[in-house]
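Student: Could you pick one part of this model and take me through it slowly? I'd like the cut-offs spelled out as you go, since I may want to recompute things myself.

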Amino acid sequence: VQLQASGGGSVQAGGSLTLSCSTSRSIFSNNDMAWYRQAPGKQRELVASITRGDSRTYVDSVKGRFTISRDGAQRTMYLKMHSLKPEGTAVYYCNSKGRAGVYWGQGTQVTVSS
């Protein structure tokens, strides 16, 4: 497994979760990374991305509530999610693309109850 995602769970609206995605040194050093999510019956969407140079982007619906980051020592990308809403219920996938290739993690379920 090139990307290992973890940290999903069930929370009430307004709660917080932090997702983690660990990878190899080669992938972490050569690739940009991102979090996607797919809700039931919907297409997969880009939630947040971070480049090797720490440039970050967010989908409008999570701006101000989610923070993407990466830790070189741990070779891990994080997604800190605050003020979660029921519409955030989805399977969250980590993604990496760049000189080392394109990779997807296995997905981690986030369920937000109202």
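Tutor: What follows is a close look at strand β9 and the things that touch on it, with a short detour at the end.

First, the ground rules. This is a predicted model, so local features need pLDDT of at least 70 and side-chain atom pairs count only at pLDDT 80 or more, while totals for chains, interfaces and linings use all residues. Residues are numbered from 1 along each chain as its sequence is written, and side-chain values use heavy atoms, with hydrogens and water left out.

Now for β9 itself, which covers residues 90–98. Strands here are DSSP runs of E with at least two residues, helices are runs of H or I with at least four, and both are numbered from the N terminus. Two strands pair if DSSP finds at least two bridges between them. With β4 (residues 31–38), β9 runs antiparallel, and 8 bridges join the two. One of the bridge partners there is W35, matched with C94 in β9. Strand β11 (residues 108–113) is also antiparallel to β9, joined by 3 bridges, and here V91 has Q109 as its bridge partner. Then comes β10 (residues 101–104), paired with β9 in the antiparallel sense over 4 bridges. S96 is bridged to Y103 in β10, and β9 and β10 make a hairpin with 2 residues between them.

C94 deserves a second look. The structure holds 1 disulfide, and that term means a pair of cysteine sulfur atoms within 2.5 Å. The partners are C21 and C94, with their sulfur atoms 2.3 Å apart. Distant parts of the chain get linked this way: C21 sits in strand β3 (residues 17–23) and C94 in β9, 73 residues apart. The torsion about the S-S bond is about 65°, so the disulfide is right-handed. Both cysteines are buried, where buried means under 20% relative accessible area, exposed means over 50%, and partly exposed is in between (1.4 Å probe, protein chains only).

Follow C21 and you land in an open sheet of 4 strands, in the order β1-β3-β8-β7, with antiparallel pairing. The edges are β1 (3–6) and β7, each with a single partner strand, so one side of each has no neighbour in the sheet. Neighbouring strands of this sheet are turned by 15° against each other on average, direction ignored; the axes are lines fitted to C-alpha atoms (for helices, over the stretch in contact), and angles run from 0 to 180 degrees between N-to-C directions. Between β1 and β3 there are 4 bridges, and A5 is the bridge partner of C21.

Back on β9, look at the rings. The whole structure has 2 aromatic pairs; rings of Phe, Tyr and Trp (its six-membered ring) pair if their centres lie within 6.5 Å, with planes under 30 degrees apart called stacked, over 60 edge-to-face and the rest tilted. Y93 and W104 form an edge-to-face pair, 6.5 Å centre to centre and with 85° between the planes. Y93 is in β9 and W104 in β10, 11 residues apart. Y93 is buried at 15% relative accessibility, whereas W104 is partly exposed at 41%. Ring pairs also bring in Y36, giving a cluster of Y36, Y93 and W104.

The far end of β9 brings us to N31, which belongs to β4. N31 is buried, at 0% relative accessibility. Its contacts (heavy atoms within 4.5 Å), not counting residues up to four places away in sequence, include S96, K97, G98, R99, A100, G101 and Y103. A polar atom of the N31 side chain lies 2.9 Å from the backbone oxygen of G101.

Now the detour, to two loop residues. D54 has a positive phi of about 70° although it is not a glycine, and R75 likewise has a positive phi, of about 50°. For context, most residues other than glycine have a negative phi. D54 lies in the loop between β5 (45–50) and β6 (56–58), and R75 in the loop between β7 and β8 (76–81). D54 is partly exposed at 40%, and R75 is partly exposed at 28%.

Technical notes
Polar contact = N/O pair within 3.5 Å; in protein donor to acceptor, adjacent residues only side chain to side chain.
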